[in-house]
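Reader: Hello! I'm new to this structure and would love a close look at a single part of it, the nonpolar core. Could you walk me through that part and what surrounds it?

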Amino acid sequence: MPIPLVNFQEGLCRNRDVYAALKAGYRLVDGASDYDDKKEAGDGLKRAIAEGIVKRKDVFVMSNAKVEHHP
């Protein structure tokens, strides 16, 4: 499966935002460590999987780390 061309930018989201994006058809969730909302995004993904909206293998999750997190 190719990486989708359109993504959902999770910046400062809540789990309902990721859930709604997946329900609407998004399959690429894009985040960054600065947002500090990984748990909320993960909860939304977990809910969408539990309800059968998506399968984990069909969703791409991207993230960026701050430069100071790299050795």
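Author: Let's begin with contacts along the chain. Among contacts between residues at least 6 apart in sequence, 64% join residues at least 24 apart. Please keep in mind that this is a predicted model. The protein chain has two helices and three strands, and from the N terminus on these elements run β-α-β-α-β.

Now to the part you asked about. The largest nonpolar core has nine residues: V18, Y19, L22, V29, A41, L45, A48, V54 and V59. Both α1 (15-23) and α2 (38-50) supply at least two residues of this core. In soluble globular proteins, nonpolar side chains tend to be buried together. For the protein chain as a whole, 27% of the 71 residues count as buried.

L22 is a friendly place to zoom in, as one of the nine core residues. If we leave aside the neighbours within four places in sequence, L22 is in contact with R27, V29, G44, L45, A48, I53, V54 and V59. Several of these partners, including V29, L45, A48, V54 and V59, are core residues too. R27, G44 and I53 also touch L22, but they are not listed in that core.

From the core, let's step over to charged side chains. By the rule used here, the count comes to two salt bridges. One of them joins the side chains of K39 and D43, with 2.9 Å from N to O. These two residues are separated by about one helical turn, because they sit four residues apart in helix α2. That is the helix α2 (38-50) we met as a supplier of core residues. K39 is exposed, as its relative accessible area is 58%, whereas D43 is partly exposed at 28%.

The side chains of E51 and R47 meet in a salt bridge as well, at 3.1 Å from N to O. Here E51 is partly exposed, with a relative accessible area of 45%, and R47 is also partly exposed, with 38%.

Finally, a look at the outside of the chain. The protein chain exposes about 4,900 Å², and carbon and sulfur atoms supply 55% of that area. So, to return to your request: when you view the model, you could start at L22, follow its contacts to V29, L45 and A48, among others, and then find K39 and D43 in helix α2, four residues apart.

Note on methods:
Residues numbered from 1 in each chain as written. Predicted model: local features only at pLDDT ≥ 70, side-chain atom pairs only at ≥ 80, totals over all residues. Heavy atoms only, no water. Core = buried A, V, L, I, M, F, W, Y, C linked by side-chain atoms within 4.5 Å. Buried < 20%, exposed > 50% of the residue type's maximum accessible area, 1.4 Å probe, protein only. Contact = heavy atoms within 4.5 Å. Salt bridge = Lys/Arg side-chain N within 4 Å of Asp/Glu carboxyl O. Areas by Shrake-Rupley, 256 points an atom, 1.4 Å probe, with all protein chains shown as cover.
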